[in-house]
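Q: Please take a close look at one part of this model, the stretch where consecutive strands turn back on one another, and describe how the strands pair and what the turn residues look like.

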Amino acid sequence: IEIMHQMHLGTKRSLALVRVAGEVMLIGITDHNINMIKAVTLIDDETEAAFKTGFNNFLEDEFSIEDVRNALNPRA
């Protein structure tokens, strides 16, 4: 398991791009939950280029804000 990048959104809330068994996924993390937002298909060369522009820009380009909100505030 490799945390490729993590962005803190506030107290006990963050987004992380993680690699597990060769697969990459964006996950939302709170103090009570960890939720997969979306599987990400990246070639290693693309990963480096994506982070040169910044993780925030990568998120804005690849994911909707609604995906992020749903992951961090799952409906019961």
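A: Strands β1 and β2 form a hairpin with 2 residues between them, and Lys-12 in the turn has a positive phi of about 60°, although Lys-12 is not a glycine. This is a predicted model, in which local features need pLDDT of at least 70 and side-chain atom pairs count only at pLDDT 80 or more, while totals for chains, interfaces and linings use all residues. Residues are numbered from 1 along each chain as its sequence is written, and side-chain values use heavy atoms, with hydrogens and water left out.

Strands here are DSSP runs of E of at least two residues, numbered from the N terminus, and two of them pair if DSSP finds at least two bridges between them. On that basis β1 (residues 2-10) and β2 (residues 13-20) are antiparallel partners over 7 bridges, with His-8 standing opposite Ser-14 of β2. Ser-14 is buried (under 20% relative accessible area, 1.4 Å probe, protein chains only), its own value being 3%, and its side chain makes a polar contact of 2.8 Å with that of Gln-6; such a contact is a pair of N or O atoms within 3.5 Å, where within protein one must be able to donate a hydrogen and the other to accept it, and residues adjacent in sequence count only if both atoms are side-chain atoms. Lys-12, by contrast, is exposed (over 50%), with a relative accessible area of 56%.

Strand β2 also runs antiparallel to β3 (residues 23-29), joined to it by 7 bridges, and Val-20 has Glu-23 as its bridge partner in β3. This hairpin has 2 residues between the strands, and Ala-21 takes a positive phi near 50° there, although Ala-21 is not a glycine; Ala-21 is exposed, at 79% relative accessible area.

Conventions. Helix = DSSP H or I, 4+ residues; strand = E, 2+ residues; numbered from the N terminus.
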